[in-house]
Amino acid sequence: GFRIYHTAFPLSAEPCEGCPIHYTDVSNLKVEADERGRFLIELGGIGRGDVHFFQLRALGGDGSIGPHSARVKLIRAGN
């Protein structure tokens, strides 16, 4: 599975590129790969008019945790 780190800011308060970010939502998610080794993660609660940041960490079956992924930025424009 994965540990998913997420936080959101209003577009008017977006942090600077490369600035540290405090993730306010952390959750663990079990994911099964398909026959081609791919997986899909669906995320809810993505508000319009906000900029969202995510990072993932792989979770091993033995409880180990992998390194942080690259930070992903998603802007969901308002109506």
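## Working through a predicted model

Cys-19 has a relative accessibility of 22%, which makes it partly exposed. Keep in mind that this is a predicted model. Grab the structure viewer and try these exercises.

**Exercise 1. Find the disulfide and say which cysteines form it.**

Step 1: The structure holds one disulfide.
Step 2: The partners are Cys-16 and Cys-19, with their sulfur atoms 1.5 Å apart. The cut-off for a disulfide is 2.5 Å between the sulfur atoms, so the pair qualifies.
Step 3: Turn to the geometry: the angle about the S-S bond is 55°, and the link of Cys-16 and Cys-19 is right-handed.
Step 4: Now the surroundings. Cys-16 has a relative accessible area of 44% and is partly exposed; Cys-19, at 22%, is partly exposed too.

**Exercise 2. Decide whether His-6 is buried or exposed.**

Step 1: Locate His-6 in strand β1, which covers residues 2-10.
Step 2: Its relative accessibility is 11%. Buried means under 20%, so His-6 counts as buried.
Step 3: List what His-6 touches beyond four places in sequence: Tyr-23, Thr-24, Asp-25, Ile-46, His-52, Phe-53 and Phe-54.

**Exercise 3. Work out which residues make up the largest nonpolar core, and look at the contacts of Val-51.**

Step 1: The core has five residues: Tyr-5, Ile-21, Tyr-23, Val-51 and Phe-53.
Step 2: As background, nonpolar side chains in soluble globular proteins tend to be buried together.
Step 3: Pick Val-51 and skip its neighbours within four places in sequence. Its contacts are then Thr-7, Ala-8, Phe-9, Pro-10, Leu-11, Glu-14, Lys-73, Leu-74 and Ile-75.
Step 4: Check another core member, Phe-53: its relative accessible area is 5%, so Phe-53 is buried.

**Exercise 4. Classify the aromatic pair of Phe-9 and Phe-53: what is its geometry?**

Step 1: The whole structure contains three aromatic pairs.
Step 2: In the pair of Phe-9 and Phe-53, the ring centres are 6.0 Å apart and the planes meet at 75°. Angles over 60 degrees count as edge-to-face, so that is the class of this pair.
Step 3: Phe-9 lies in strand β1 and Phe-53 in strand β3, 44 residues apart, so the pair links distant parts of the chain.
Step 4: Compare burial: Phe-9 is partly exposed at 22%, whereas Phe-53 is buried at 5%.

**Exercise 5. Place Arg-48 and say how far it is from Arg-76 in space.**

Step 1: Arg-48 sits in the loop between β2 (25-29) and β3 (50-58).
Step 2: Arg-48 is partly exposed, at 48% relative accessibility.
Step 3: Arg-48 and Arg-76 are 28 residues apart in sequence, yet 5.1 Å apart from C-alpha to C-alpha.

Conventions: Residues numbered from 1 in each chain as written. Predicted model: local features only at pLDDT ≥ 70, side-chain atom pairs only at ≥ 80, totals over all residues. Heavy atoms only, no water. Core = buried A, V, L, I, M, F, W, Y, C linked by side-chain atoms within 4.5 Å. Buried < 20%, exposed > 50% of the residue type's maximum accessible area, 1.4 Å probe, protein only. Contact = heavy atoms within 4.5 Å. Helix = DSSP H or I, 4+ residues; strand = E, 2+ residues; numbered from the N terminus. Phe/Tyr/Trp six-rings, centres within 6.5 Å; stacked < 30°, edge-to-face > 60°.
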